[in-house]
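Visitor: I am new to this structure and would like to be guided through it slowly, one question at a time. Could we begin by looking at it together?

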Amino acid sequence: MKTLSLPIAIAIAIGCSTGTDSDFPTLTDEYLGQTPPGDEPELFAPGIVSTGIYTRDIAMTPDADEIYYGVSIGPFTAIMQTRLEDGRWTKPEVAPFSANPGYMNLEPHISPDGQRFFFLSNRPADGGELEPEQVGNWVNQDIWVMDRIADGWGEPYNLGPPVNSSDEEYFPSVTRDGTIYFSRQPSGSQESYIYRSRLVDGVYQEAEMLPPRVNSTALQFNAFIAPDESYLILSVFGRGDSMGSADYYIVFRNEQDAWSEPINMGEAINTPGGGEWSPFVTRDGKYFFFMSSRRRPLESFPETLTAESLREAHKSPQNGNADIYWIDAAFIDGLRPLGFAR
């Protein structure tokens with residue numbers, strides 16, 4: 001996880017509300033009962049997922065009946081979960097494996113077959129406790145994984161080398177054949193690059209840094225790979241065609257393992273204010289989800305600020321903290337250049 005001026009949300013709890021389960025609405029349809037978006041981004045699940053708390057990193061099972069996402073409040077980070085059980089979505093809660101307040105847990109990713117759950121954590125490899133000075137310190141980042149078991153997910157374990165190393169590794173994303181794409185930041189450096197490791201006979205191979213068309217600056221990170229490996233969506237900082245700060249770019253890959261030039265995903269996705277660095281596309285390819293810290297239009301605020309209006313803005317989405325947005329993913333094919341047919 002690359003940290004770019006992460007805003008600190010001041011709040012008293014992690015969750016979609018402080019009420020009881022009886023306060024949570026009855027949601028029965030897919031995607032938490034939300035109306036699917038068209039060709040313009042829509043805030044995803046306002047008041048349920050996007051709540052005013054700093055929110056990012058969404059992941060779903062292949063049939064989208066389990067949704068996970070990351071939240072951050074001051075020194076605390078957690079992965080939230082909600083599931084479709086008996087035809088009704090559960091109220092979002094902190095996932096059990098993410099409940100230790102001393103650990104950093106973010107960037108969930110579920111393999112295309114639904115059998116492995118990857119995520120970022122700074123927990124010690126032996127599962128012990130962090131030293132007090134390490135709590136809230138975003139270092140020693142490794143990729144962890146859990147295997148699917150009958151009633152959920154097994155115990156987390158460190159993915160180990162050659163994916164994890166003495167450097168910082170984060171934002172895992174996996175193809176259908178098990179190849180893992182991830183970000184690696186050399187220890188003590190502000191640079192970050194995209195790597196991949198092939199899975200051969202159940203064993204990860206030596207990680208390779210992707211070529212300059214993918215790693216086009218000294219700072220790109222948080223890359224989502226399509227399950228068929230036909231494209232990669234990543235955040236890039238420092239390109240001349242950026243709309244501001246880090247932007248989402250897409251690079252396409254052909255059968256010869258050649259990559260296109262990075263393509264800015266456009267003003268519907270990127271904003272001058274930045275805060276775009278967590279992409280995800282649903283397993284069926286229908287929807288593109290992404291984190292953005294865009295604010296609500298100024299005209300939506302009251303003419304005069306009051307203590308109550310400030311409190312309301314604080315606990316509402318689009319307040320300057322990151323939220324989750326979604327859009328119909330059909331536009332992605334329109335960005336595909338010649339020579340990179342699907």
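Guide: One term is needed before we start: contact here means heavy atoms within 4.5 Å. It also helps to know that this is a predicted model.

Visitor: With that cut-off in mind, which residues is Phe-44 in contact with, leaving aside its neighbours within four places in sequence?

Guide: Contact asks for heavy atoms within 4.5 Å, and the neighbours within four places in sequence are left aside for Phe-44. The residues in contact with Phe-44 are then Tyr-31, Leu-32, Gln-34, Val-49, Ser-50, Ile-58, Ile-67, Phe-289, Ile-324, Tyr-325 and Trp-326.

Visitor: How many residues does the largest nonpolar core have, and which strand gives the most to this core?

Guide: The largest nonpolar core has 55 residues, and those with the most contacts inside it include Phe-44, Ile-58 and Phe-289. Among the strands, the one that gives the most to this core does so with five residues, and it is strand β23, residues 287-292.

Visitor: Where is Glu-169 placed, and in which strand should I look for it?

Guide: Glu-169 touches, among others, Leu-120, Gln-141, Val-163, Phe-182 and Ser-183, when residues up to four places away in sequence are not counted. Its own place, within residues 168-174, is in strand β12.

Visitor: Is Glu-169 buried or exposed, and which side chain does a polar contact join to the side chain of Glu-169?

Guide: Buried means under 20% relative accessible area, and the relative accessible area of Glu-169 is 0%, so Glu-169 is buried. A polar contact of 2.8 Å joins the side chain of Glu-169 to that of Arg-184.

Visitor: Why is one side of β12 left without a neighbour in the sheet?

Guide: An open sheet of four strands, with antiparallel pairing, has the order β12-β13-β14-β17. Both β12 and β17 (208-209) stand at the edges of this sheet, and one side of each is left without a neighbour because each has a single partner strand.

Visitor: What is the bridge partner of Tyr-195 in β17?

Guide: Strand β14, which covers residues 193-197, pairs with β17 in the antiparallel sense over two bridges. The bridge partner of Tyr-195 in β17 is Met-209.

Visitor: Is Ser-183 buried or exposed, and which backbone nitrogen lies 2.8 Å from a polar atom of its side chain?

Guide: Ser-183 is found in strand β13, residues 180-185, and its relative accessibility is 0%, so it counts as buried. Leaving aside neighbours within four places in sequence, Ser-183 is in contact with residues including Glu-169, Phe-171, Ile-194 and Asn-222. The backbone nitrogen that lies 2.8 Å from a polar atom of the Ser-183 side chain is that of Asn-222.

Visitor: Where does Ser-189 lie, and which backbone nitrogen does its side chain reach at 2.8 Å?

Guide: Ser-189 lies in the loop between β13 and β14, and at 17% relative accessibility it counts as buried, because buried means under 20%. The C-alpha atoms of Ser-189 and Glu-168 are separated by 9.7 Å, although these residues are 21 residues apart along the chain. The backbone nitrogen that the side chain of Ser-189 reaches at 2.8 Å is that of Glu-191.

Visitor: Which residue stands opposite Arg-148 in β10?

Guide: Six bridges join strand β8 (residues 116-121) to strand β9 (residues 142-149), and these run antiparallel. Two bridges join β9 to strand β10 (residues 152-153), also antiparallel, and β9 and β10 form a hairpin with two residues between them. Opposite Arg-148 in β10 stands Trp-153.

Visitor: How many bridges join strand β19 to strand β20?

Guide: An open sheet of four strands has the order β18-β19-β20-β21, with antiparallel pairing. Within this sheet, Ser-235 has Tyr-248 in β20 as its bridge partner. The number of bridges that join strand β19 (residues 231-237) to strand β20 (residues 246-252) is seven.

Visitor: How much space lies in the largest cavity?

Guide: A search of the whole structure finds three cavities of 30 Å³ or more. The largest cavity is lined by 13 residues, and Ile-58, Pro-108, His-109, Phe-171 and Pro-279 lie nearest its centre. At least two residues of this lining come from each of β2 (54-60), β7 (105-110), β12 and β22 (279-281). The space in the largest cavity is about 90 Å³.

How values were computed: Residues are numbered from 1 along each chain as its sequence is written. This is a predicted model: local features need pLDDT of at least 70, side-chain atom pairs count only at pLDDT 80 or more; totals for chains, interfaces and linings use all residues. Side-chain values use heavy atoms; hydrogens and water are left out. Buried means under 20% relative accessible area, exposed over 50%, partly exposed in between (1.4 Å probe, protein chains only). A polar contact is a pair of N or O atoms within 3.5 Å; within protein, one must be able to donate a hydrogen and the other to accept it, and residues adjacent in sequence count only if both atoms are side-chain atoms. A nonpolar core is a set of buried Ala, Val, Leu, Ile, Met, Phe, Trp, Tyr and Cys residues joined through side-chain atoms within 4.5 Å. Two strands pair if DSSP finds at least two bridges between them. On a 1 Å grid over the protein atoms alone, a cavity is a set of points where a 1.4 Å probe fits but cannot get out, and a pocket is an open set with protein on both sides within 12 Å along at least five of seven lines; lining residues have an atom within 4 Å of a point. Grid points are joined across faces, edges and corners, and a volume is the space filled by probe spheres set on the points.
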